[in-house]
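Welcome! Take a moment to look over the sequence and turn the model around on your screen. Then we can walk through it together.

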Number of protein chains: 2
Amino acid sequence: MKISVDAMGGDHGPSVILGGCELILARRPDIHFLLYGDEAKIAEVLKNLPRLSKSSTVIHCAVAIAMDDKPSQALRSGRGKSSMWRSVEAVKTGEASVAVSAGNTGALMAMSKFCLRTLAAIERPAIAALWPTMKGESVVLDVGATIGADAQQLVDFAVMGGAMARALFHLDKPTVGLLNIGVEEVKGLDEVRTAGAMLREANLPMIAYGGFVEGDDIGQGKVDVVVTEGFAGNIALKTAEGTAKQVGSYLRAAMSRTIMARIGYLFARSAFNRLREKLDPRKLNGGVFLGLNGIVIKSHGGTDAEGFASALDLAYDMVRNDLQAKIREGLEEYHRGRFGGLEPEQERMS
Amino acid sequence: MKISVDAMGGDHGPSVILGGCELILARRPDIHFLLYGDEAKIAEVLKNLPRLSKSSTVIHCAVAIAMDDKPSQALRSGRGKSSMWRSVEAVKTGEASVAVSAGNTGALMAMSKFCLRTLAAIERPAIAALWPTMKGESVVLDVGATIGADAQQLVDFAVMGGAMARALFHLDKPTVGLLNIGVEEVKGLDEVRTAGAMLREANLPMIAYGGFVEGDDIGQGKVDVVVTEGFAGNIALKTAEGTAKQVGSYLRAAMSRTIMARIGYLFARSAFNRLREKLDPRKLNGGVFLGLNGIVIKSHGGTDAEGFASALDLAYDMVRNDLQAKIREGLEEYHRGRFGGLEPEQERMS
């Protein structure tokens, strides 16, 4: 499997990115990396990475997109030549099966849309995140690709999120909920209510529509896929990350305040380690861009090598389990129910 | 101080509600309660509550609003005669300084708006919640009164939330942030950006506008007041509650899995108790309805007596620290800056 990597993305540059590639090669030796970025800097890091040196091809790019470049600026300065653009382009040309970048989200989404284009049936791409729940994991989308979504776009998100859950969790018919608020009568956003009616009516064989869910249902794992527009989705995701960190800090403070607590901590250290692992944000790193002609994975910019390896794991799984085919199946099925199917020429899939 | 209470509200009815009143009387013996509800049921509970029996007046109401009544239905069946309506009406007539109900949010907001009316300068009321942070507490609004808000409404929320922070945290000039998402360039919702520009320009002496905040900044306590529209605000609040519960479950599971962990737990028990107290959702119970001609506090419907007592505490503080006067000051100041002040007849304040 060929994975293209924007070696210059992220807060810490090539050392973390390539370190992550080296890590995952131990688990997935069948990967060959296409590394896009500054040749000299990459060579410097590769010296200490024996596995990656053997399993990669370096493609020099003189331009790197900065973490604070605006999308339009990034497109102007980096189109065709930046490490970010070229790693995405490798998916378009078929040189790579998936692109992974820890670069800035806005620029990566702009380039991915511009380079790969959206699927014929899809108006707007979404970013899907994996959310740790009491039952395992759920897919939550959109977590910030765009602000606002009409009912049709929410239905598209449901179909694509369902495809991702089928690919990742190996479920035949994942449950899908629409994120809403429980104000009686009003019962939340019009678009959300309309999308709910559409999903109920479509009665799709590949997803089980489970109605509305509220913010506290996400972490309970009430449904496999939570669908919302990007503003609320991004706020929900960041709020959950912030709260987990906050509770973690309280716990650390409580366990170091008294001698007894410190002794207790020593006894229970392995339990705390397990808990820390469970809450480790690096373990579920990677937003999946859905709705494009090709797969692009966005890693957290501030992650370390271990975290970047998690994003690569996700990329690997998405290709192995044929995410794009499952999205195509889901969309075909949905549109067949509505119009008797898509015209073949509408389906420019990768 | 007279507090009117909807004795029939909440999932558990009068026993919890009146139990909460009894609890707070131990701390605040200067309260006199007006208890609205089914006389017989209230009398039955009051038998075992000596303090409350002495410090309350019972007003019989034959109608109780159910937790799943729609707001319109509640208004039709309960206007003028339900325990919920009459407890709010007591604020309008001046018999009580504040009303507290654990009844259903939609009905309570509809009745509060209908009975008390919004302040002259305010188009829409908001529900403000207290959010536990790394630094103490912050005010977050709107957490679900209405969906969507234009820039002017967000500015009004900022002014009212600032007033609440001044009343509750005794700050001269609380910091205020607008909840947004960090998509570069787009930089979130248009309304939010416009509201930000308006707040910056207004340069109010009573609040310090601190720019945009993201979901993970809320729990860090980056600002004293977080302003957002009700859909995103409600989802953020419920997501945080859900995440705190989820991490708590992980912790309990981890601490009971092995013998060593259980021994550790025994040593650190007081630390865990402190942590549990810190995370206790009952301690910060109560949404404050802002923007009406009078104060109404909404308690969680599922709370116990201790939790209801916290909502009463909040009600007490809001009256003692003159929330309404501070809101009036804030709004006057804001409008003076814009139009040279409000006309006196526009200010129908309680």
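Where in chain B is the place of B:D142? The residue sits in the loop between β6 (136–141) and α7 (151–169) of chain B. Keep in mind as you explore that this is a predicted model.

**Unusual backbone spots**

B:D142 is a good starting point, since the peptide bond leading to it from B:L141 is cis, with omega near -5 degrees. Now look at chain A. There, the peptide bond from A:L141 to A:D142 is cis, with omega near 0 degrees. A:D142 belongs to the loop between β6 (136–141) and α7 (151–169) of chain A.

Another residue to find is A:H170, in the loop between α7 and β7 (175–179) of chain A. A:H170 is not a glycine, yet it has a positive phi of about 55 degrees.

**How the two chains meet**

Next, zoom out to see both chains. In the interface, 59 residues of chain B are in contact with 59 residues of chain A. Between them the two chains bury about 5300 Å², and 73% of that area is on carbon and sulfur atoms. On the chain B side, the residues that lose the most area to chain A are B:F231, B:Y250 and B:F267, together 12% of what that side buries.

What about charges and polar groups? Two salt bridges are counted between chain B and chain A. A:K238 forms a salt bridge with B:E214. Eight residue pairs are in polar contact across the interface, both residues being at pLDDT 80 or more.

Which elements of chain B give two or more residues to the side that touches chain A? They are α4 (71–78), β5 (126–133), α9 (215–220), α10 (230–257), α11 (259–267) and α12 (269–279) of chain B. The most comes from α10(B), with 21 residues. Sorted by class, this side of chain B has 30 nonpolar, 18 polar and eleven charged residues.

**Salt bridges**

Over all chains, the count comes to 20 salt bridges. Here are two that you can locate yourself:

| Salt bridge | N to O distance |
|---|---|
| A:K238 and B:E214 | 2.4 Å |
| A:R28 and A:D313 | 2.9 Å |

The pair of A:R28 and A:D313 links distant parts of the chain, 285 residues apart. A:R28 lies in the loop between α1 (14–27) and β2 (32–37) of chain A, while A:D313 is in helix α13 (residues 305–320) of chain A.

**Two helices packed together**

Two packed helices are described by the angle between their axes and the distance between the axes. Try this on helix α11 (residues 259–267) and helix α12 (residues 269–279) of chain A, which pack at an angle of about 75 degrees with their axes 4 Å apart. Because angles of 65 to 115 degrees count as roughly perpendicular, α11(A) is roughly perpendicular to α12(A).

Which residues meet here? From α11(A) come A:Y265, A:L266 and A:F267, and from α12(A) come A:R269, A:F272 and A:R276. By class, this contact of α11(A) with α12(A) has four nonpolar, no polar and two charged residues.

Definitions and conventions. Residues numbered from 1 in each chain as written. Chains lettered and ligands numbered in written order. Predicted model: local features only at pLDDT ≥ 70, side-chain atom pairs only at ≥ 80, totals over all residues. Heavy atoms only, no water. Axes fitted to C-alpha atoms, helices over the stretch in contact; angles between N-to-C directions. Parallel < 35°, antiparallel > 145°, perpendicular 65-115°, else oblique. Contact = heavy atoms within 4.5 Å. Nonpolar A, V, L, I, M, F, W, Y, C, P; charged D, E, K, R; others polar. Buried area = accessible area lost by both parts, 1.4 Å probe. Salt bridge = Lys/Arg side-chain N within 4 Å of Asp/Glu carboxyl O. Polar contact = N/O pair within 3.5 Å; in protein donor to acceptor, adjacent residues only side chain to side chain.
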